[in-house]
Every structure is written in structure tokens, then in C-alpha cells.
Amino acid sequence: MKVCGVELTGSEAIITLLTLSDGLFDIPDCRQRKFTLSNADDQEQMQGFQFAFRKLMEDYGVNTAVIRQRPHKGKFAGSAVGFKMEAAIQLIDGLKVDLISSTEIKEQLKRNPLVIDFRDTGLKKFQEPAFTTAYCYLNKQYYAGESA
């Protein structure tokens, strides 16, 4: 299974691809690390963002996009632009999109901690939340399928 972990911050969607096959994780090379949306009020830019994201998912054969969920209100609430980007991703035909909460990520990391240091993954530091999101989602799916 190949997933794309997504962390939405401000007007950026930071991504990391991750696969799980036979219990082994792999980080495939990807031509893009983030998508930036300069004007979320412009319909053409929103459509361009959605098209570019969909094209990347198709090109790399991604089954599922996993978005780190953000609170709707409060101190750590997501921005309106972030929620628009989330909706644009969720509306991509043929792409399964799941949300995973920070609480769920913490629980998964407690049960299945990373066996390597993040610095050894070859990813950029800003991709760590997207990587952790994908890692926890794949662990959840793997162990749910194993016990079923």
C-alpha cells in the first residue's frame, strides 16, 4: 500500500510518500515535497492546486492521502486556507482520503515507535509531520488487517 502523508500549514501542503509491503516501510523518491497556494480566493489557483496534487498521486500510484487533522477552533486551529486545501484534496475523484488526529498519531507512536531516527530517512525536517502521519496510518492499517 502506498500512501501520501499530508501536513497542511498556512498555505502549504507538505507531503511525504510512504509504502508498506510485507511489513517493510519504504520512502519512494518524489519530485515534489510541498504544494504552495498563493491565493486561495482565486478559483483558477485552487483548481491548479487540485490538478497538481491529483496528477502527482496518479503518477506515483498513491492509493490513499492521509491528512493530519487540525482542530476547527481554539489555539491550534487550522486556517481557512488549510481547510479549503483539505476540501480540494478530499474532492479528487478516485483518491481515498482519510484524516488522522494528533491523538491517534500519538497512540500509534506509543504502540509502534519509529525504529530509525528521522534524520536517517533522507527527508527534509519540514516533512517530519507528514511522514509521521503516513507512518501511523500505515501501522494502523497493517495491524488492523493482521488481527482481522
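**Exercise 1.** In this predicted model, work out what share of the chain's contacts between residues at least 6 apart in sequence joins residues at least 24 apart.

*Solution.* Start with the contacts, meaning heavy atoms within 4.5 Å. Keep the pairs at least 6 apart in sequence, then pick out those at least 24 apart: they make up 66%. For the backdrop, the chain has four helices and six strands, and from the N terminus the order is β-β-β-β-α-β-α-β-α-α.

**Exercise 2.** Check the radius of gyration of the chain against that of a compact globule.

*Solution.* First, take the rule: 2.2 Å times the number of residues to the power 0.38. Next, put in 148 residues, and the rule lands near 15 Å. The chain itself has 15 Å, so the two agree. Along the principal axes, the C-alpha atoms fill a box of roughly 45 × 35 × 35 Å.

**Exercise 3.** Find the largest nonpolar core and say which elements feed it.

*Solution.* Begin with burial: 40% of the 148 residues count as buried. The largest nonpolar core holds 24 residues, and C4, V6, F49, F53 and I89 have the most contacts inside it. Now go element by element: β1 (2-9), β2 (12-21), α1 (43-59), β5 (64-68) and α2 (80-90) each bring at least two residues. The top contributor is α1, with five. Zoom in on F49: leaving out residues up to four places away in sequence, F49 touches A13, F35, L37, M85, A88 and I89. Finally, there's a second, separate core of 14 residues, with L20, F118, F131 and C136 among them.

Methods
Residues are numbered from 1 along each chain as its sequence is written. This is a predicted model: local features need pLDDT of at least 70, side-chain atom pairs count only at pLDDT 80 or more; totals for chains, interfaces and linings use all residues. Side-chain values use heavy atoms; hydrogens and water are left out. Buried means under 20% relative accessible area, exposed over 50%, partly exposed in between (1.4 Å probe, protein chains only). A nonpolar core is a set of buried Ala, Val, Leu, Ile, Met, Phe, Trp, Tyr and Cys residues joined through side-chain atoms within 4.5 Å.
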